[in-house]
Amino acid sequence: MGEIRVALAGVGNCCSALVQGVEYYRKGGGLGLLHPTLGGYRIGDLRFVVAFDVDHNKVGLDLSEAILAESNKAPAFREVGRTGVKVQLGPSPDKVEGDSMSQIKWAQGEPADISKALKEAKADMLVNLISGGSDKASRLYAEEALKAGCGFLNATPSGIANDLSLSAGYRRAGLPLAGDDLLSQVGATAVHIGLLEFLHSRGVHVDESYQLDVGGGSESINTLEKTRDSKRLIKTEAVKSSVPYDFPLVSGSADFVDFLVNGRDSFFWIRGTYFGGAAFTMDVKLSTEDAPNAGAVLIDTIRGLKVAMDRGLGGPVEPVCAYGFKRPPKRRRIAEAYRLFREFAGDQP
Ligand SMILES: NC(=O)c1ccc[n+]([C@@H]2O[C@H](COP(=O)([O-])OP(=O)(O)OC[C@H]3O[C@@H](n4cnc5c(N)ncnc54)[C@H](O)[C@@H]3O)[C@@H](O)[C@H]2O)c1
């Protein structure tokens, strides 16, 4: 099928897991994947061709070194040889000086011309993995990718696939777009939806539920300082759709605990009613590594976006958005989104 030329904005923890994961699964399948092959593309077909960051610990390094640089805390599970891709300085329109706990050490210098760099690298798509809450930068990357004739995948909570003017621009240009806010493989939102869908399918009435997270990655700081309300809204909306009635629900990240490193502890509480009015409560704790949780879904949605590109589809690609993101322009049940995505990719549901 040929290669998929991927540009990266944000060489943080998720990026580290993605780049290592492509090396880890290069030769074929293995545990932990949803689709070893998707739409005819193997994982080894992904090729990273250009990367941008704003942290002086990463800018100027080869991608293979930058993924392990401070302040990344993602586990190192696969050695990556030199890629020949030097991390370039990206724009930082959201930069705030002051008391933020942000771990970014801002690099000095003239930012790269993003669309020019994308064109020179012959990138098929730009994958946006920058810090949550950097809304202006996310938008800028989406505009630059459009200018360069690239597809765009927005893993961040910023509204890009849900932005009407950006999605119209991508539609007009015949370029695919996917987003917003990646739905992690065994992330709290996916697990919460799964639990509630299961209880509903067993005839249980869900009376109330909450789900709260604490994490040690820099993204937990961003959630605390910048995206707490928007994340809570996105997650609560996503979870709410899992049963066909309203009930009191809170879903969102709660705090930063530095010694968890790249770990995340997710707490789930559900109170419900079943036969004869009997009540039950459920208390669940899920402990995960944050960055690898993005890997399998990124690898799938990147290939899904390339399939859309091969077919000349422009604008938000519904099956890719519904399958891989917490806030797609059109929401589907997890099982239905999975089936649509596989059908779209030409694989058997
Ligand atoms: N872990 C998951 O499974 C998951 C799930 C859903 C969404 N996400 C989203 O993915 C994104 C990445 O998450 P992460 O854990 O890797 O975060 P991270 O903080 O580890 O990495 C973010 C990287 O982006 C860089 N950056 C910040 N502003 C930039 C700019 N303007 N241009 C270029 N680079 C910039 C930072 O220096 C850092 O290297 C976040 O927006 C997060 O909300 C992650």
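**Exercise 1. The ligand shell**

How many residues surround the ligand, and which are the closest? Work out where the ligand sits relative to the two domains.

*Solution.* Keep in mind that this is a predicted model.

Step 1: count the shell. The ligand has 36 residues around it, and the closest are Gly 10, Gly 12, Gly 90, Thr 156 and Ala 294.

Step 2: sort them by character. The shell splits into 16 nonpolar, 14 polar and six charged residues.

Step 3: trace them back to secondary structure. At least two shell residues each come from α1 (13-24), β4 (46-53), α7 (218-240) and α8 (292-310). Helix α1 gives the largest share, three residues.

Step 4: bring in the domains. Domain 1 (4-183 + 292-344) and domain 2 (188-289) both contribute to the shell, so the ligand lies between them.

**Exercise 2. How the two domains meet**

Describe the domain layout and the contact between the parts.

*Solution.* Step 1: set the bounds. The chain divides into domain 1, made of 4-183 plus 292-344, and domain 2, covering 188-289.

Step 2: get the spacing. There are 25 Å between the C-alpha centres of domain 1 and domain 2.

Step 3: look at the contact. Domain 1 puts in 22 residues and domain 2 puts in 24. On the side of domain 1 that touches domain 2, you'll find seven nonpolar, ten polar and five charged residues.

**Exercise 3. Reading the seven-stranded sheet**

Give the strand order, name the edges, and follow the pairing from β1 through β6 to β7.

*Solution.* Step 1: write down the order. This open sheet runs β5-β4-β1-β6-β7-β8-β13, with parallel pairing.

Step 2: find the edges. They're β5 (88-89) and β13 (315-316), each of which pairs on one side only.

Step 3: walk across the strands. Strand β1 (residues 4-9) pairs with β6 (residues 125-128) in the parallel sense over four bridges, and Leu 8 sits opposite Val 127 there. Next, four bridges join β6 to β7, again running parallel, with Asn 128 opposite Asn 154.

Step 4: check the faces of β7 (residues 151-154). Gly 151 and Leu 153 point one way, Phe 152 and Asn 154 point the other way, and all are buried.

**Exercise 4. Finding the cores**

Where do the nonpolar residues gather, and which have the most contacts inside the largest core?

*Solution.* Step 1: start with the general expectation. Nonpolar side chains in soluble globular proteins tend to be buried together.

Step 2: take the largest core. It has 83 residues, and those with the most contacts inside it are Val 6, Ala 7, Leu 118, Met 125 and Leu 126. Helix α8 supplies the largest share of this core, nine residues.

Step 3: zoom in on Met 125. Leaving out residues up to four places away in sequence, Met 125 touches Val 6, Ala 7, Cys 150, Gly 151, Phe 152, Leu 153, Ile 302 and Leu 305.

Step 4: don't miss the other core. It lies apart from the largest one and has nine residues, including Leu 196, Ala 238, Val 239 and Ile 270.

**Exercise 5. Strand β9 and its partners**

In which sense does β9 pair with β11, and in which with β10?

*Solution.* Step 1: take β11. Strand β9 (residues 205-215) and β11 (residues 263-274) pair in the antiparallel sense over ten bridges, and Asp 213 stands opposite Ser 266.

Step 2: take β10. Here β9 pairs with β10 (residues 249-256) in the parallel sense over seven bridges, and Gly 215 has Phe 256 as its bridge partner.

**Exercise 6. Backbone oddities**

Find cis peptide bonds and positive phi values, then say whether Asp 181 is buried or exposed.

*Solution.* Step 1: recall the norm. Most peptide bonds are trans, and most residues other than glycine have a negative phi.

Step 2: list the cis bonds. One runs from Glu 70 to Ser 71, with omega near 0°; Ser 71 is in the loop between α2 (63-66) and β5. Another runs from Gly 179 to Asp 180, with omega near -5°.

Step 3: stay in the loop between β8 and α6, where Asp 181 is found. Its phi is near 65°. Asp 181 has 27 C-beta neighbours inside 10 Å, so it counts as buried.

Step 4: compare with Val 261, in the loop between β10 and β11. Val 261 also has a positive phi, about 55°. With 14 C-beta neighbours inside 10 Å, Val 261 counts as partly exposed.

How values were computed
Residues numbered from 1 in each chain as written. Predicted model: local features only at pLDDT ≥ 70, side-chain atom pairs only at ≥ 80, totals over all residues. Domains from an automatic or database assignment. Contact = placed C-beta atoms within 7 Å. Nonpolar A, V, L, I, M, F, W, Y, C, P; charged D, E, K, R; others polar. Near = placed C-beta within 6 Å. Pairing = 2+ DSSP bridges. Core = buried A, V, L, I, M, F, W, Y, C linked by C-beta atoms within 7 Å. Buried ≥ 20, exposed ≤ 12 C-beta atoms within 10 Å, placed from the backbone.
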